[in-house]
Amino acid sequence: MLGTSVQRSRNERRPPRGRNTQLRRLLLVVLVLAALVLLTVSFRSPTSGALHDVQGYGASALRPFEVAAERVARPFRDAYDYVSGLTGAKSENKKLRSEVRTWRAQAMASASASHQLAELKALMHFEELNSFPKDYTPVNTSVISFPGTTTQTITIAAGTGSGIRENTPVVTADGLIGHVTNAGPNTAQVTLLTDPDSAVPAVDVTHGVTGLIRRGPRGTFILDRVPKEAVVEKGDRIVTRGTVDRRYPDYYPYGIPIGTVLSASPSDIATFLTVQVTPFANFDSLDAVAALVSKKR
Amino acid sequence: MTVVDGLKAAALLFVAAILQVSIFTQARVLHGEPDVLLVTLVSVALLRGSVFGAAGGFFAGLLVDTATLAKLGLTSLVLTIAGYWIGRYGETTGRDRGHAPFLSVAVITVLYAFGLMIVHFVLGEPTAAGSVLKGLVPSIVLNLILVAPVYALVRRLLRPLDRGDYATEVHLLG
């Protein structure tokens, strides 16, 4: 009893470890070892091998459940988006009207330039690699699992069965979001541009300045490796740079929209210009995406 | 503890894993996100002990890694240890205590986040430690909100055991 000085015998002080205890600890060791073995095999061959195939079939088996759960949750999510969208609708409408006027003028100029470019390419017998969007077939699909706090990946409901392969670019209606890093028969894992390891060669279409798009602070990107003497202005559009050298093809073709320049400022201590980019795609609300499958195999 | 209990626990964890990867990862509030799978695992481990905790953690982790095409074994490793540890707490000091589920979930949320970060770090994979740390307190709060309904549901399906059924090494006096 508590509060009384009960003298325990030697046996009571150290309770005998029963068979249950040993089995329990053995189970823990076995499970931890099994997890480590799986992790090692998976780490050594993340996108091929028997384990990858089994995982792919497992993911296909789980897909209907994920899709069902996502469909059940969708009305609630849509309702939330609708209500949150209403709060800023008036100011957004004004901003969008202003943008439409600007884009309309630019579209007319672009149409004329595009026509000229096609004629010049024909005259020069200009050969080029895959160009976006004409050389790609979009595989429209839904997102069935979303990025967590430690990983910046999503799972989409289409895989190798739809022609998706590793490194296939993935976009939303607004712009680039990432590329496929692991593909199963009916699902694929997409690593987002918000992943700390992601680096996409990009170009400022207004001034022709090139750099690397990396994750930046507070949901923005940084256009890295831009020389200090380069001219970049607020509002400039950033798109993928595409393949520059045939020997080193890029995952992304030229021209996939990424975002607009939010600010560009030199720093005394930094080697390069600090260019902050606001992404076109909304990474907090990824719903429907398109994987760009190349027509040229 | 019976086979039926095992099947019930497996079904609970399966549903929780599917809901977690499909719905709950999107419900982000102030950088934090609720983890219904972790809360379910803690509830199962508290009510059925370390064996169910460890096996359930392994199974649930495998489901998550399979569904998200992540590296197999990564989540299993962390959840197995978490399930075992909470199971031991349930078998010993945590039994019959009203605050045990809340305390367990708060502690495990922190350890799980750090555990995943450490495994990613050991594998040489990038992980945004800043956003994990920023979202830690909101995640704890969100998980604590989930504890009451989830624990009640799990308790309804897995009735608490008698003291003698727990695999315990602690001898109570008196």
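Helices are taken here as DSSP runs of H or I at least four residues long, numbered from the N terminus. By that reading, Val4(B) has its place in helix 1 of chain B, which covers residues 3-22. The structure discussed is a predicted model, and chain B makes a convenient place to begin.

Chain B contains 7 helices and 0 strands. Followed along the sequence, its pattern is α-α-α-α-α-α-α. For a chain of 174 residues, a compact globule would have a radius of gyration near 16 Å, and chain B, with 16 Å, agrees with that expectation. Along the principal axes, the C-alpha atoms of the chain fill a box of roughly 50 × 30 × 30 Å. Of the 174 residues in chain B, 59% are buried. The surface that chain B exposes comes to about 7200 Å², and 71% of this area is supplied by carbon and sulfur atoms. Contacts within the chain often link distant parts of the sequence: when those between residues at least 6 apart in sequence are considered, 74% join residues at least 24 apart.

Two residues of chain B offer a closer look at its helices. Val4(B), in helix 1, has a relative accessibility of 48% and therefore counts as partly exposed. Val4(B) is separated from Asp96(B) by 92 residues in sequence, and the C-alpha atoms of the two lie 23 Å apart in space. Ser76(B) belongs to helix 4 of chain B, residues 74-91. With a relative accessible area of 0%, Ser76(B) is buried, since the cut-off for that class is under 20%. Leaving aside residues up to four places away in sequence, Ser76(B) touches Gly57(B), Phe58(B), Gly61(B), Leu62(B) and Asp65(B) in chain B, together with Ala35(A) in chain A.

Aromatic rings provide another link between the two chains. The whole structure, searched over all chains, holds 3 aromatic pairs. One of them is formed by Phe65(A) and Phe14(B), whose rings are edge-to-face, 5.0 Å from centre to centre with 90° between the planes. This pair crosses between chains, joining Phe65(A) in helix 3 of chain A (residues 50-87) to Phe14(B) in helix 1 of chain B. Phe65(A) has a relative accessible area of 42% and is thus partly exposed. Phe14(B), at 22% relative accessibility, also counts as partly exposed, given that the buried class ends at 20%. Another edge-to-face pair consists of Tyr251(A) and Tyr252(A), with 5.9 Å between the centres and 70° between the planes. Tyr251(A) counts as partly exposed at 39% relative accessibility, whereas Tyr252(A) is buried, with a relative accessible area of 3%.

Attention now turns to the strands of chain A. Strand 4, residues 176-183, has 7 of its 8 residues buried, so the strand is largely enclosed by the rest of the structure. On one side of the pairing scheme is strand 3 (residues 169-171), which runs antiparallel to strand 4 and is joined to it by 3 bridges. Within this pairing, Pro169(A) stands opposite His179(A) of strand 4. The two strands form a hairpin, with 4 residues between strand 3 and strand 4. Strand 4 also pairs with strand 5 (residues 188-192), in the antiparallel sense and over 5 bridges. Here Gly178(A) has Leu192(A) of strand 5 as its bridge partner. Strands 4 and 5 of chain A likewise form a hairpin, with 4 residues between them.

Further strands of chain A make up a barrel. Its 6 strands close in the order 6-7-8-11-10-9, with antiparallel pairing. From one strand to the next, the twist averages 40°. Within the barrel order, strand 10 neighbours strand 11; the former spans residues 257-265 and the latter residues 274-279, and 6 bridges join the two in an antiparallel arrangement. Among the residues involved, Ser263(A) has Gln276(A) in strand 11 as its bridge partner.

Terms used:
Residues are numbered from 1 along each chain as its sequence is written. Chains are lettered from A and ligands numbered from 1 in the order in which they are written. This is a predicted model: local features need pLDDT of at least 70, side-chain atom pairs count only at pLDDT 80 or more; totals for chains, interfaces and linings use all residues. Side-chain values use heavy atoms; hydrogens and water are left out. Two strands pair if DSSP finds at least two bridges between them. Axes are lines fitted to C-alpha atoms, for helices over the stretch in contact, and angles run from 0 to 180 degrees between N-to-C directions. The radius of gyration is taken over C-alpha atoms; the globule rule is 2.2 Å times the number of residues to the power 0.38. Buried means under 20% relative accessible area, exposed over 50%, partly exposed in between (1.4 Å probe, protein chains only). Contact means heavy atoms within 4.5 Å. Accessible areas come from the Shrake-Rupley method with a 1.4 Å probe; for residues, only the protein chains shown count as cover. Rings of Phe, Tyr and Trp (its six-membered ring) pair if their centres lie within 6.5 Å; planes under 30 degrees apart count as stacked, over 60 as edge-to-face and the rest as tilted.
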